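Subject: Structure handover

Hi,

Here is the structure I promised you. My notes on it follow below.

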Amino acid sequence: MMKKLDLHIHTKQTVSDPTFSFSLDKLKEYVQQYKIDGIAITNHNIFDIKQFQDIQNKLSGDCVVLPGIEINIGINGVGHLICITNQEDIEDFDLRCKKIEDKIQYATDKITIDELGEIFSDYSKYLWIPHYDKKPTVDKDILDKMKNDILCGEVGSVKKFIYRQKDETSLVPVYFSDLRPGDDSFLPTRQTYFDIDNITVQSIKKTLINRRHVSLTEYEGNNLFYVLPDLPISTGLNIIIGERSSGKTYLLDEIAKYHKNVKYIRQFELIEKDQKKAAKSFTDQIASKRNSFSEEYFELFGDAVNTVKDISLERDEKDIERYLSTLITYAKEIDRADMFAKCGLYNEEKFQIRSLDSIKELISSVEKLLDTREYREVIENHISRDSLIALYSDLIERHNKELRRSLEKTWVNDLVETIKRSLRSSTAESGITEVDFYNCQLNRKKVERFNELVSSIKKKSIINEQKIEHFTIRTSKRPFESPRELKDFSKKANVVFSKIMDEYTDNPYQYLMGLKEMDGIAEADYYKYFVCIDYQILNQYNIPVSGGERAEFNLLQKIKEAYLYDMLLIDEPESSFDNLFLKARVNHIIRELAKTMPIILATHNNTVGASIKPDYLIYTKRYIDGDNVQHERYYGLPSEKELRAASGKIVRNIEATLDCLEAGESTYNERKRDYDLLKD
């Protein structure tokens, strides 16, 4: 017998909870309204035995209440691990939970796996449920150490439940409310059904041995779940049909309120009312979506700009001129050299201080190899861990030696400079100003290479193309063509680029120096002002899209983006598009997407409603009785002859389908006869 359980409910506000005030009446309402057979009280790092007994007494006759606790545990971060026991073990469980409470005072506190073992000495007595595909997840190393006692994992959405249920190598997924019942709490439809007779830790654990005995509804195995308290739907593709004003959009709105992380494509939202504004908005949206790509593409060029922006060739030239001038003066006054000027340290050069950046990067890289968990097996197939540790130790020792040498040189340089200042203040001779010729020449070479690099990247070319069905998103680069174009790109009213436009064309380095003098342009954005990025959406003929095609592309893009969400809702796409586009371009994408997540599509169009071949059918019906208007929802498989409502009412599937998609059976037969006459 299938039992509906919610084994993750909070009834006390702790340091790990948002603010809420527990309502026992609300919890009772939740259990009764959703007909829940069993719950577990799992507060963060605390078990209140008195409150638990109050809840147990209040819900006596409604459901079984199991004692539990949600524990902060981890190695690096903090993961959440639920522990549940039987009612008869409550006294012993209370004593063990007090040890958890003593150890965890703040939300960031956690216990180790060893501490968990000391507190709960026999893991087999309990039901363990880690946050698995739900944040904050429990470390994989902890799951591995408890693999004989952890049989299931809590997931954060129906989509993740579907994915984990199909993966035979993963833990059996369970989906719970994580509810904090207060007076104004929203009651979620997140429960899991277990094929058990009695609700005990042992029976639940036996059920988890076979993932087919765990589902999101009491029937049809794992293919259905409750999207609303009174409405089961498929985990795949669901079609809502119904006459005008029968409640299709209202139903979608209600589902959107009940669930988080939902992609909702509303009716008419893709229709363009002002083509000019729509075209600009379309271009801006595409540019925004592709901006991350261009930033990644020009990341290395940005590093080059950051290297060159602090180089001052003018300052280098002045330093060299000053050196030559003082050198000539020194040569002319050599005969005036006194005892101070003749000292060996008077014109002594400083030690060159070697950068330690290279060896620091090496040490950091070896640290990453040692710390990584995800690819540890691959690494150790080629390099043993002992070898990596030995390399890490040698590099640190080498770094420390070089650091010591660098500090010694710095100390000597400072001492020599102090002595030289003293000698210069005592001698009558003019000293020679120091200059770093190597650095000056290196700066010249950097600027030279920078100018070559800019000339290269400014060349017009296509840098990326991405296909979405018959559309192409093309990203290309070219030089800015005018000061006005640069100003428009900057979106700054007070900047003027005409003064540096010649440098933009002929001398990129001087152009960069000009950017530095402008107010309102962030240093981090300098690199963006060298190349203009264009974005185009082209149709199958490589021509920029028209207004209607823009709407088609937006629909396809929104459907593609739904992969990032847990559920997709679409309201009457036929309101904006023709049947050929829907059948040829949209239907197959939706079918493919429905293999990985629930999709609910409202329609009165047979191209969408019938040709798409849905997994589940929902029929909305409006009844008018005098001044009263009532809405009913019928549901079932497309192959079933009858659709049923939660109230027990039944309608014939064929009548509902023909009425909504074909304007009735007579109209369907008439249209079919007309089409037959057109055939040979």
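Of the 680 residues in the protein chain, 46% count as buried (under 20% relative accessible area with a 1.4 Å probe, protein chains only; exposed is over 50%, partly exposed in between). Please note that this is a predicted model: local features need pLDDT of at least 70, side-chain atom pairs count only at pLDDT 80 or more, and totals for chains, interfaces and linings use all residues. Residues are numbered from 1 along each chain as its sequence is written, and side-chain values use heavy atoms, with hydrogens and water left out.

Overall figures. The accessible surface of the protein chain is about 36800 Å² (Shrake-Rupley method, 1.4 Å probe). Carbon and sulfur atoms hold 49% of that surface. The chain has 23 helices and 22 strands (DSSP runs numbered from the N terminus; helices are H or I with at least four residues, strands are E with at least two). Take the contacts (heavy atoms within 4.5 Å) between residues at least 6 apart in sequence: 69% join residues at least 24 apart.

The sheet. 9 strands make an open sheet with mixed pairing (two strands pair if DSSP finds at least two bridges between them). The order is S7-S6-S5-S4-S3-S2-S1-S8-S9. S7 (172-174) and S9 (214-215) are the edge strands, each pairing on one side only. S9 runs antiparallel to S8 (residues 192-195), with 2 bridges joining them. There, phenylalanine 194 stands opposite valine 214.

Strand S5. In S5 (residues 127-133), 7 of 7 residues are buried. S5 pairs with S4 (residues 79-84) in the antiparallel sense over 4 bridges. Isoleucine 82 has isoleucine 129 in S5 as its bridge partner. With S6 (residues 152-155), S5 pairs in the parallel sense over 2 bridges. Histidine 131 stands opposite glutamate 154 in S6. From S5 the chain crosses through helix H5 (residues 140-145) to S6. This β-α-β crossover is right-handed (clockwise from the first strand over the helix to the second, with the strands pointing away from the viewer).

The cores. The largest nonpolar core (buried Ala, Val, Leu, Ile, Met, Phe, Trp, Tyr and Cys residues joined through side-chain atoms within 4.5 Å) has 68 residues. Ile39, Leu116, Phe120 and Trp128 touch the most other members. Leaving aside residues up to four places away in sequence, phenylalanine 120 touches Ile71, Cys83, Phe93, Arg96, Ile100, Tyr126 and Trp128. A second, separate core has 33 residues, including Leu237, Ile590, Leu617 and Tyr634.

Best wishes
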